[in-house]
There are 2 protein chains.
Amino acid sequence: MKTILYSALTANGNYGDSETGQLPKQEELNNLDKHAKEAGNIVMGRKTYEIFNDGEIFSGLDVVVVSSNKTFEDAKVVESPGEALKYLKLKGYNNAFIIGGVTLANVFLTENLIDELYINIVPYIETGLKLEPTDGKFLNLELLGHQEIQNSGIVQLHYKVG
Amino acid sequence: MKTILYSALTANGNYGDSETGQLPKQEELNNLDKHAKEAGNIVMGRKTYEIFNDGEIFSGLDVVVVSSNKTFEDAKVVESPGEALKYLKLKGYNNAFIIGGVTLANVFLTENLIDELYINIVPYIETGLKLEPTDGKFLNLELLGHQEIQNSGIVQLHYKVG
C-alpha cells in the first residue's frame with residue numbers, strides 16, 4: 001500500500017495555520033476530494049477532523065482520525081500513524097491518503113511513512129507553520145509532475161519520496 | 001523600473017542555509033545567470049557576494065552589494081535596498097535583479113519593494129530559513145507561470161506581487 005501526503009504551502013513555504021491562515025479555495029477542495037475518492041479513505045488529525053467534518057464532506061470515505069484522547073461516531077479513531085496504516089492495509093486499500101494537519105504530517109515524515117507527496121503552492125505570502133520531519137532529516141524527492149489546479153493560481157507539485 | 005526577486009525554496013518551504021544547505025544544481029545556476037544577464041545587473045547581500053564571487057561569475061553584470069560595513073573593488077556597495085534601486089534606476093535599467101540571501105530578500109519584501117518573484121522549488125525536504133516579510137504582512141500574488149528548469153526536478157514559479 002502506498003501512503004500519500006496531501007498538503008499546501010504558501011508561496012513562501014509556510015503551512016497554513018488553521019487559526020490565522022486563509023481558507024482553501026474551492027478548486028483546491030475539489031482537487032482534494034478527487035484524490036480522497038480515488039483512495040477511498042482519508043486520514044487526519046483530531047483538530048483537522050473537528051474543523052472540517054460537517055457530517056457530509058467525508059461521506060463515502062473511510063475516515064481515520066489519529067488521536068490519543070478522543071472518539072468520534074463517524075470515524076475510525078487510532079492512536080498512531082502506524083496504526084492508521086495497518087487498519088487501511090487490512091481493509092485492502094491500494095493507497096492511504098493523509099491530509100494533515102501539520103503536526104500529523106510531520107510525524108508521518110519523521111517516521112518515514114510517506115511514499116508520495118502532493119504539495120499545493122498557493123499564491124500568497126503569509127506567516128505560518130513548518131512542514132518538516134521533527135528530527136530534521138534530509139529527504140530526497142523525485143518530481144513526478146506539476147500542474148496548475150484549474151485556473152486557481154495554485155500550482156500542485158507531485159513528488160515521490162526517496 | 002521593475003524589481004525582481006529570484007529565490008529558491010526546498011519542497012517543504014525552507015530557504016537554503018548557506019552553512020548547512022545543499023549547493024545549487026548547475027541547471028539552476030544557468031537559469032539564474034540567464035535572468036541576471038537579461039537584467040544586466042545583480043543585487044545581493046554581503047555574505048552572498050563573499051560566497052559566490054570568484055572574480056568571474058558576475059562578469060559583465062552591474063554588481064550591487066548591500067552592506068553597511070564593507071567595500072569591494074568589483075562591486076558597487078550601497079547601504080540599503082532603496083539605495084540599490086536608486087542607483088540602478090539612475091543607470092537606466094528596466095529591471096533590478098535581486099538574488100538574496102534571505103536576510104536581504106526579507107528586507108525587500110518588508111519594504112514592499114518587490115514587483116515580481118521567481119521561486120524555484122528544489123526537490124528535497126530539508127531544514128532551513130524562512131523567506132518572509134519581517135513584519136508578518138500578507139502579500140497577494142498572481143501566478144504568471146510555472147515550468148520545470150530543464151530536467152532538473154526544480155519547478156520555477158513566477159509571480160507578480162499584489
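Strand 1 of chain A, residues 2-10, has 8 of its 9 residues buried, so it is largely enclosed by the rest of the structure. Keep in mind that this is a predicted model. Strand 1 pairs with strand 5 of chain A and is also joined to strand 6 of chain A. Strand 6 turns up again further down, at the contact with chain B.

**Strand 1 and its partners**

- Strand 5 of chain A covers residues 95-100, and strand 1 pairs with it in the parallel sense over 4 bridges.
- If you'd like a residue pair to look for here, try Thr3(A), whose bridge partner in strand 5 of chain A is Ala96(A).
- Strand 1 and strand 6 of chain A run parallel too, with 7 bridges joining them.
- For that pairing, find Tyr6(A) and look across to strand 6 of chain A, where Tyr118(A) stands opposite.

**Chain A as a whole**

- Chain A has 4 helices and 9 strands.
- Going along the sequence, they come in the pattern β-α-β-α-β-β-α-β-α-β-β-β-β.
- A compact globule of 162 residues would have a radius of gyration near 15 Å, and chain A agrees with that at 15 Å.
- Along the principal axes, the C-alpha atoms of chain A fill a box of roughly 35 × 35 × 25 Å.
- Buried residues make up 43% of the 162 in chain A.
- Take the contacts in chain A between residues at least 6 apart in sequence: 68% of them join residues at least 24 apart.

**Where chain A meets chain B**

- Chain A puts 28 residues into the contact, and chain B puts in 29.
- On the chain A side, at least two residues each come from strand 6 (116-122), strand 7 (124-125), strand 8 (139-148) and strand 9 (155-161).
- Strand 8 of chain A gives the largest share of that side, with 7 residues.
- Sorted by type, the chain A residues that touch chain B are 16 nonpolar, 8 polar and 4 charged.

**A strand pairing across the chains**

- Strand 8 of chain A also pairs with a strand of the other chain, namely strand 7 of chain B, residues 124-125.
- That pairing is in the antiparallel sense and takes 2 bridges.
- To spot it in the model, start at Leu139(A) and look for Ile125(B), its bridge partner in strand 7 of chain B.

Note on methods
Residues numbered from 1 in each chain as written. Chains lettered and ligands numbered in written order. Predicted model: local features only at pLDDT ≥ 70, side-chain atom pairs only at ≥ 80, totals over all residues. Rg over C-alpha atoms; globule rule 2.2 N^0.38 Å. Buried ≥ 20, exposed ≤ 12 C-beta atoms within 10 Å, placed from the backbone. Contact = placed C-beta atoms within 7 Å. Nonpolar A, V, L, I, M, F, W, Y, C, P; charged D, E, K, R; others polar. Pairing = 2+ DSSP bridges.
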